[in-house]
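Could you walk me through this structure, from its sheet to its empty spaces and a few backbone details? A guided tour in plain paragraphs would suit me well.

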Amino acid sequence: MSIVYKVAEKGCFILNKLPGGGPKGDMSELISGNDEIKLPRSMHSGLDLKEISFEGFTVHRIRTQESGLSSNKAVLFLPGGGGMARATKVHYDTAKRLAARTGAEIIIAHYPLAPKHNVRYALEWLERFYYRELLKDYRTEDIVFMGDSAGANLILSLAYRLKDKPESLIVISPACGLENGHNRDIRIEMEPKDPILTVAMNDLIAEHWCRNVPLDSPDISPEYIDYTGFPPMLLFYGTHELFYPHVINYIKQLQKNRVFFTAVEKPMCHDWALVKYFPEGREALIEMENWIRK
């Protein structure tokens, strides 16, 4: 673990004890129902950016103008946010970097969110988008799925639903073990080690995003997916996140179903692999670039 990360994590724990709530308070506010798409100013320079609408929901298709690279690949990127918040600057920065360094088209699908919609509605929309829009321009062997947190869960559940699966997946900090009872108790035990997430956030997500869907459904929980015949995966996760013990169970499922995967575990927080300010995050982004190119 780098010194930069150690200092940042320690700062998070100190701020979390203050009246303002610190990063945990900020995350709680983020998932309180944020359906507004905020495109950073940086996305308007050096990019070929197209905004389309599919069945009333926005999709951003991003290519680079800077590197001169070209590729026949597409990356369907589903940002996390508990199914209740739109993409943040971190997601857009990642998309811009991957477009510039791989030449691939990065497609951010702003899928339906709670509380108006639930996870199953979003998956059905994504399935239609995949077949009616994405496969018009790309072959399945040229498509990579990528997602973080709730977005990671979505790409796993979507791939499970699809008969025509993508070439590979990049899975970042999937949200595992969302059920109540014993699994919730495990998350409660992990909460003091997590600098940004709380079990209360999980409960809110379960109430709205998972509404009317069993929490042990393959539409929600990666541990309950049958991974037989799944494409290769690149997986990033941290040991300081609520979901860590349950991510290990998800990995056992991959092993049981003989899925080819590369796992990168760090003693870090949720979604660390997207944070370019950490040396570990920059290394992870390079691994993602290489994964997409190959």
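What follows is a tour of a predicted model, starting with the sheet and ending with some backbone details.

Let's begin with the strands. Eight of them make an open sheet with mixed pairing, and their order across the sheet is 1-2-4-3-5-6-7-8. At the edges you will find strand 1 (47-54) and strand 8 (261-266), each of which has a pairing partner on one side only. Going from one strand to the next, the twist averages 15°.

Now look at the end of the sheet where strand 1 sits. Strand 1 and strand 2 are joined by eight bridges and pair in the antiparallel sense. If you want a pair of residues to locate this pairing, Leu49 stands opposite Ile62 in strand 2. The two strands form a hairpin with two residues between them, and in the turn Glu55 has a positive phi of about 55°. Strand 2 (residues 57-64) is also joined to strand 4 (residues 105-109), here by four bridges, and these two run antiparallel. In strand 4, Ala109 is the residue that stands opposite Val59.

A helix lies against these strands. Helix 3 packs on the sheet and touches strand 1, strand 2, strand 3 (74-78), strand 4 and strand 5 (143-148). The direction of helix 3 makes about 40° with that of strand 2.

Next come the empty spaces. Rolling a probe the size of a water molecule over the atoms shows where empty space is left. The largest pocket has a volume of about 1,000 Å³. It is lined by 48 residues, and those closest to the centre of the pocket are Met27, Leu30, Ile196, His270 and Asp271. Two or more lining residues come from each of helix 1 (3-16), helix 2 (22-30), helix 3 (89-102), helix 5 (150-161) and helix 7 (199-208). Which helix gives the most to this lining? It is helix 3, with six residues, and you have already met helix 3 packing on the sheet. By residue type, the lining of the largest pocket has 29 nonpolar, 10 polar and nine charged residues.

There is also one cavity of 30 Å³ or more in the structure. The largest cavity holds about 50 Å³ of space. Its lining consists of Pro79, Gly80, Ala85, Arg86, Ala87, Ala109, His110 and Tyr111. Of these lining residues, five are nonpolar, two polar and one charged. You may recognise Ala109, the strand 4 residue opposite Val59.

What about charged pairs? Side chains of opposite charge can pair when their charged atoms come close. A search of the whole structure finds 16 salt bridges. Glu167 and Lys73 form a salt bridge in which the closest N and O atoms are 3.1 Å apart. This pair links distant parts of the chain, since the two residues are 94 residues apart. Glu167 is in the loop between helix 5 and strand 6 (168-172), while Lys73 is in the loop between strand 2 and strand 3.

Finally, a look at the backbone. Most residues other than glycine have a negative phi, and most peptide bonds are trans. Against that background, the peptide bond from Ala114 to Pro115 is cis, with omega near 5°. Pro115 lies in the loop between strand 4 and helix 4 (119-137). Ser149, a residue other than glycine, has a positive phi near 55°. You will find Ser149 in the loop between strand 5 and helix 5.

Conventions: Residues numbered from 1 in each chain as written. Predicted model: local features only at pLDDT ≥ 70, side-chain atom pairs only at ≥ 80, totals over all residues. Heavy atoms only, no water. 1 Å grid on protein atoms, 1.4 Å probe; cavity = no way out; pocket = protein on both sides within 12 Å on 5 of 7 lines; lining within 4 Å. Points joined across faces, edges and corners; volume = space filled by probe spheres on them. Nonpolar A, V, L, I, M, F, W, Y, C, P; charged D, E, K, R; others polar. Pairing = 2+ DSSP bridges. Axes fitted to C-alpha atoms, helices over the stretch in contact; angles between N-to-C directions. Contact = heavy atoms within 4.5 Å. Salt bridge = Lys/Arg side-chain N within 4 Å of Asp/Glu carboxyl O.
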